[in-house]
Amino acid sequence: MTAALTGTTAAFGALLTATLFWAGNYVVGGAAVSAIPPLDLVALRWAIAVIPLLALAQLVERPDWRHVARSWHRVLFPALFGLVAYNYLLYTALQYTDAVNASLINAFNPALIGVAAAIFLRQRMTPTAVTGVIVALVGVLWVLCDGHPTALLSNGFGLGDVFMLGAIVVWTAYTLSGRRRTGIPPVTSTAIQALVSLIALTPVVLLTGGPHLPVTSNATTALLFIGLCPSVISTALWNRALTTIPPARAGVFLNLITVFTVLISVALGKSFTVAEAMGGAVVLGGVVMTNAPAFRGGRARSDARVSR
């Protein structure tokens, strides 16, 4: 009993640390894009992460690399959507909006995934889940209009909001594509996706005059954090926790990304508006309703992926 309790406690600690680092990607990413263009930041992130991820895959999973090499095409779509497009849109959004606002919009993602799964995969949504999606959407719209609905009608969405909405649509496609079995273990899959992403991005970055390397110590530190903590350490911790915690329950912890982003931002001196607080609470409440089976310990499948 004591050993099981210790293992569960360690798993919860791993999940908390993983989501904390993913939240840090929002805050630190927002600072990094002031010195490094978004496309270059994505490329440099995976350039830093790819070797540690490959080493981690070998250490933890010991995959059949010949099978992985034959199956590279199966990770092409997830790599281009999840590791390239999502992060590019996220970092571009952070050029025009702050980390808190971006994370509040991102909090709607689990509800959007539920809707997409119902439409494209014919998965049944309960009345509670449908209500949760509507509630979460209301919360997102409240954040987008900063508590003034008429302003949204007259001014439309901000540029950062548009890019962030695009990011969660892309992540939804990434998540649904991951439901197809590839026969590749999760850490290995992330490592190969990072390699594929780097190969695809390198000529594009070179053609656009890059890579633009950081020129200050703060920018270098931010880049190293992004390349190692949310990209490698969170991957290791998340998958370590999944050996103890069921995926559906683990997926619930992804809601803490928004909470941690807010706490980190406020600790760094960012003001947190009443509209953001109200909208964020409504979004998270709607997500809880949408994913009610997971919160009750049911068998709902987690839509968590190992890179954010």
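A residue counts as buried under 20% relative accessible area, as exposed over 50%, and as partly exposed in between, with a 1.4 Å probe and protein chains only. By this criterion Thr-188 is buried, because its relative accessible area is 0%.

The structure is a predicted model, in which local features need pLDDT of at least 70 and side-chain atom pairs count only at pLDDT 80 or more, while totals for chains, interfaces and linings use all residues. Residues are numbered from 1 along each chain as its sequence is written, and side-chain values use heavy atoms, with hydrogens and water left out.

**Overall architecture**

The chain contains 15 helices and zero strands; these elements are DSSP runs numbered from the N terminus, helices being H or I of at least four residues and strands E of at least two. Of its 308 residues, 49% count as buried. Contact denotes heavy atoms within 4.5 Å. Among contacts with a separation of 6 or more, 90% are between residues 24 or more positions apart. The accessible surface amounts to about 14,200 Å², and carbon and sulfur atoms contribute 69% of that area, as computed by the Shrake-Rupley method with a 1.4 Å probe, where for residues only the protein chains shown count as cover.

**Selected residues**

| Residue | Helix | Relative accessible area | Class |
|---|---|---|---|
| Thr-188 | H10 | 0% | buried |
| Thr-190 | H10 | 1% | buried |
| Val-162 | H9 | 43% | partly exposed |

Helix H10 spans residues 186-207. Apart from neighbours within four places in sequence, Thr-188 touches Ala-57, Glu-61, Pro-63, Trp-65 and Val-68. The C-alpha atom of Thr-190 lies 8.3 Å from that of Thr-235, 45 residues apart along the chain.

**Helix packing**

Helices H5 (residues 99-106) and H13 (residues 256-267) pack at about 170°, with their axes 9 Å apart. Axes are lines fitted to C-alpha atoms, for helices over the stretch in contact, and angles between N-to-C directions run from 0 to 180 degrees. H5 and H13 are therefore roughly antiparallel, a class for angles over 145 degrees. H5 contributes Ala-99, Val-100, Ser-103 and Leu-104 to the contact, and H13 contributes Thr-258, Thr-261, Val-262 and Ser-265.

**Surface patch**

A nonpolar surface patch comprises Tyr-96, Leu-137, Leu-141, Phe-157, Leu-159 and Val-162, together presenting about 540 Å² of accessible area. Helices H7 (127-144) and H9 (159-177) each give two or more residues to this patch. Patch members have over 30% relative accessible area and no salt bridge, and nonpolar side chains (Val, Leu, Ile, Met, Phe, Trp, Tyr) are joined within 5 Å; a salt bridge is a side-chain nitrogen of Lys or Arg within 4 Å of a carboxyl oxygen of Asp or Glu.

How values were computed:
Patches are made of residues with over 30% relative accessible area and no salt bridge: like charges are joined within 9 Å, nonpolar side chains (Val, Leu, Ile, Met, Phe, Trp, Tyr) within 5 Å. Angles under 35 degrees count as roughly parallel, over 145 as roughly antiparallel, 65 to 115 as roughly perpendicular and the rest as oblique.
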